[in-house]
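Please open the structure in your viewer and keep a selection panel at hand. The tour goes stop by stop, saying what to select and what is there.

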Amino acid sequence: MNTGRRRCLAGMGALALAGMALAPPPAARASSNPFPVRPITLWVPWAPGGATDLSLRLLAELAAPALGQPVIVANRPGAAGTLAMPVLTQAEPNGYTIAQMPQPVFRAPFITKVLWDPVRDVTPIIQISGVTFGVLVRTASPLRSLEQLFDYARARPGELSIATNGIGTTPHLVLEQLFTERGLRYIHVPYKGTSELTLAVESGQVMAGVGSTGFGPEVDAGRLRLLATMGAQRSARWPQVATLRELGFDIVAMSPYGLAGPRGLPDEVVTVLHDAFKKAMFEPRFGEELARYDQVIAYLGPHDYAQACREEYAKERAAAERMATKSAHGS
């Protein structure tokens, strides 16, 4: 091999070594293109237009800048708010599919047969808020109190129609407790979300409704009348309205909710999602949106939210066991 050729090969080798030195290792190249690199889908298990749907759409909009990708909201209403669970169980644990976790997902396994577990099959990301519930009628209704609802049901068995946002939801269970403990019957009319429920009450399709405070704007506008709320204390928005507990019923319902991903979501992906949604939660616009529905921020991070989910599941199990025992003894 002549001297010129040797020098050429040596030069090429030096350039190759320099290129290897300058090129980042595979791990570094992967980290330069971090999650997320495409849009994220947030599944909301309620009909469009309700309080939860609208507030989560705003949250998704506010979280997008921090993520560097849009968050697309998709609705899957029905089955008392549990239809996002099958989506999570079938999704890849890569962070591009997440969903709201409403209270009924912890109750459903004890009411009906489901193919998922709300603790085993999800990765909690962040708790957001809780829901204020209330009993309402249209303003023109002659029914002006819970006792008058009971009196109507007592005088006309099976004629009182009351809407909720679904079978097995918290409003439905509260309604059952209120009426069955008094030996009263009513017609239960389930809807897929608060917006449909509110319209049904306002238009007179049903005589009363029990739901979350997506009905707030209608109450404030004077089109609906609130008979009672279900929190531990009176609503700051409607301080003149008594709670169920104040009216002599030992019932408090709040239904905290948050966001979760599929089982096995990597910690680094959870962190990215958590940080973006936490930042969005504390934007003034989101707080104002929650206030429209008499809700406040109830933030929990991934670890604490996971613990809260386990506790809610245990509470629902205990409640189901109490109901089973009660039914078995015929009391």
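## Two loops with a positive phi

Select Ala 80, which sits in the loop between strand S2 (71-75) and helix H4 (84-90). Its phi is positive, about 60 degrees, although Ala 80 is not a glycine. Is Ala 80 buried or exposed? With a relative accessibility of 10%, Ala 80 counts as buried, because the cut-off for buried is under 20%.

Next, go to Asp 294, in the loop between helix H11 (284-292) and strand S11 (297-300). Asp 294 is another residue other than glycine with a positive phi, here near 55 degrees. Its relative accessibility is 16%, so Asp 294 too counts as buried. Keep Asp 294 selected, as the pocket stop below comes back to this residue.

## The whole chain

Zoom out and colour by confidence. This is a predicted model. The average pLDDT of the protein is 87, and 87% of the residues score at least 70. Now select residues 1-31, where the pLDDT is below 50. Beyond near neighbours in sequence, residues 1-31 have three contacts in the model. Where pLDDT is low, the predicted coordinates should not be read in detail.

Switch to a cartoon view. The protein has 12 helices and 11 strands. Of its 331 residues, 49% count as buried. Among contacts between residues at least 6 apart in sequence, 75% join residues at least 24 apart. With a surface drawn, the protein exposes about 15900 Å², and carbon and sulfur atoms supply 56% of that area.

## A cis bond before Pro 36

Select Phe 35 and Pro 36 and show the backbone between them. Which kind of peptide bond joins Phe 35 and Pro 36? The bond is cis, with omega about -5 degrees. Pro 36 lies in the loop between helix H2 (26-31) and strand S1 (40-44).

## Asp 53 in helix H3

Move on to helix H3 (residues 51-67) and pick out Asp 53. Asp 53 has a relative accessible area of 2%, so this residue is buried. Show what surrounds Asp 53: leaving aside neighbours within four places in sequence, its contacts are Val 44, Ala 47, Pro 48, Val 73 and Asn 75.

## The cavity

Stay with H3 in view, as this helix gives three residues to the lining of the largest cavity, the largest share. How many cavities of 30 Å³ or more are there? The count is one, and its volume is about 220 Å³. The cavity is lined by 22 residues; select Trp 46, Thr 52, Val 131, Asn 165 and Ser 212, which lie nearest its centre. The elements that give two or more residues to this lining are H3, H7 and helix H8 (194-202). By class, the lining has nine nonpolar residues, 12 polar and one charged.

## Helix H7

Select helix H7, residues 170-180. Its buried residues are Thr 170, Pro 171, His 172, Val 174, Leu 175, Leu 178 and Phe 179. An α-helix has 3.6 residues a turn, so residues three or four places apart point the same way. What do the buried residues of H7 pack against? Add these elements to the selection:

- the helices H5 (104-107) and H6 (146-155)
- the strands S5 (133-138) and S6 (161-164)
- the strands S7 (187-190) and S8 (208-212)

## Phe 106 in helix H5

From H7, step across to helix H5 and select Phe 106. Phe 106 is buried, because its relative accessible area is 2%. Leaving aside neighbours within four places in sequence, Phe 106 is in contact with Met 101, Pro 118, Cys 309, Glu 312, Tyr 313 and Glu 316. For a distance to draw in the viewer, use the C-alpha atoms of Phe 106 and Asp 117: the two residues are 11 apart in sequence and 8.3 Å apart in space.

## The second largest pocket

Last, return to Asp 294, one of the residues nearest the centre of the second largest pocket. The others to select there are Thr 132, Gln 233, Gln 295 and Val 296. The pocket is lined by 20 residues and has a volume of about 380 Å³. Colour the lining by class to see nine nonpolar, eight polar and three charged residues.

Technical notes:
Residues are numbered from 1 along each chain as its sequence is written. This is a predicted model: local features need pLDDT of at least 70, side-chain atom pairs count only at pLDDT 80 or more; totals for chains, interfaces and linings use all residues. Side-chain values use heavy atoms; hydrogens and water are left out. pLDDT is the predictor's confidence in each residue, from 0 to 100. Contact means heavy atoms within 4.5 Å. Buried means under 20% relative accessible area, exposed over 50%, partly exposed in between (1.4 Å probe, protein chains only). Helices (H or I, at least four residues) and strands (E, at least two) are DSSP runs, numbered from the N terminus. On a 1 Å grid over the protein atoms alone, a cavity is a set of points where a 1.4 Å probe fits but cannot get out, and a pocket is an open set with protein on both sides within 12 Å along at least five of seven lines; lining residues have an atom within 4 Å of a point. Grid points are joined across faces, edges and corners, and a volume is the space filled by probe spheres set on the points. Ala, Val, Leu, Ile, Met, Phe, Trp, Tyr, Cys and Pro count as nonpolar, Asp, Glu, Lys and Arg as charged, and the others, Gly among them, as polar. Accessible areas come from the Shrake-Rupley method with a 1.4 Å probe; for residues, only the protein chains shown count as cover.
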